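Trainee: Could you take me through the salt bridges of this protein, one by one and slowly? I would like to see where the charged side chains meet.

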Amino acid sequence: MENVNVIVDYLLTNKLVLTLLVLSVIMLLKRIALAQIRGDVSFLSEEQRKWMSRAKNGAFAASLLILFLLWKSEISQFALSVTAIAIAIVVASKEIILCFTGSIQRASSRSFRMGDWIEVGKVCGEVIEHNMMATVIQEIDLQHGQYHYTGKTATLPNSLFFTHPVKNLNFMKRYVFHNFSIVVPRFVNLYPLLPIMHERMDAHFTHFIDVARRYNSMIEKHAGVDLPSAEPHIEITSAPAGEQIVHFMIFCPTEKANHLEQLIRQDFMQEYEKAFAPNSEVEPVIEV
């Protein structure tokens, strides 16, 4: 018992040693907790990522609290001694303060949570971790009409939430409004092709169209806005040089969007060839 008292007295009088010991214990507990949460799986689930983020944030908060309690007297003295340069410290730490307040703003507004798809500026991706300083996302290629992961991980400082709008794209994880266009150089009457194209598209959408309608209705109720229907849409416009542009908009499962686009392009080319190839000298050109 006397040995224990001696050790406690030594640690209390040597705060630096006590601080290192406490931080080591917290780090060890965090590593054990993360290992238990991860297990032996190769890919993390959304629930595992949530608990890993909570473990990291909890360890960070506990470290800050214990450090403050251990060194509060020294911190008070230091605060008094640097009163004259307080403004300089605030200016120098502006970005850090913005990151902290950005984290508070995100939490209070509930703009997104773990596992959501978000877009900040030109960066799009799935949130895999967030803490007081930064948000980590797994990048997704949405800028080029793709919906697959690029393999890149982006770390966004929370201060960006004050300078860039945060778009929550979570509904796009399941179904998406996918838009693409086909350009026909020659000015011909394409409207007779539209009923045929609608029939072809309906055939492609038969196995999921009912679910798409229900999901579309659910998004409308959640967002409180009138969205385009789940039915495929086709519009024809003209370019200044005389080309005709056929615009397609489909509401479909996100992972099938590019495959369905290729099927629709193929159907259109086949029907165009049947209707106009014998009398046409110029083949149609396809552009996104």
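**Salt bridges up close**

Mentor: Let's start in helix α9. E271 is buried, with a relative accessible area of just 7%, since the cut-off for that word is under 20%. Please keep in mind that this is a predicted model. E271 pairs with K274 in a salt bridge whose closest N and O atoms are 3.7 Å apart. Both residues sit in helix α9, which covers residues 257-276, and they are three residues apart, about one turn of the helix. K274, though, is exposed, at 60% relative accessible area. The pair also has company: R200, D267, E271 and K274 are linked in a network of salt bridges.

Now move to helix α8, residues 209-223, where D210 and R213 are also three residues apart, about one turn of the helix. Their side chains meet in a salt bridge, with 3.1 Å from N to O. Here D210 is partly exposed at 45%, and R213 is partly exposed too, at 38%.

Next, look at a bridge between two elements. E129 forms a salt bridge with K56, and their closest N and O atoms are 3.4 Å apart. E129 belongs to strand β2 (residues 123-130) and K56 to helix α3 (residues 46-81), so this pair ties together parts that are 73 residues apart in sequence. K56 has a relative accessibility of 30% and counts as partly exposed.

In total, the structure holds eight salt bridges, and those described here are among them.

How values were computed: Residues numbered from 1 in each chain as written. Predicted model: local features only at pLDDT ≥ 70, side-chain atom pairs only at ≥ 80, totals over all residues. Heavy atoms only, no water. Salt bridge = Lys/Arg side-chain N within 4 Å of Asp/Glu carboxyl O. Helix = DSSP H or I, 4+ residues; strand = E, 2+ residues; numbered from the N terminus. Buried < 20%, exposed > 50% of the residue type's maximum accessible area, 1.4 Å probe, protein only.
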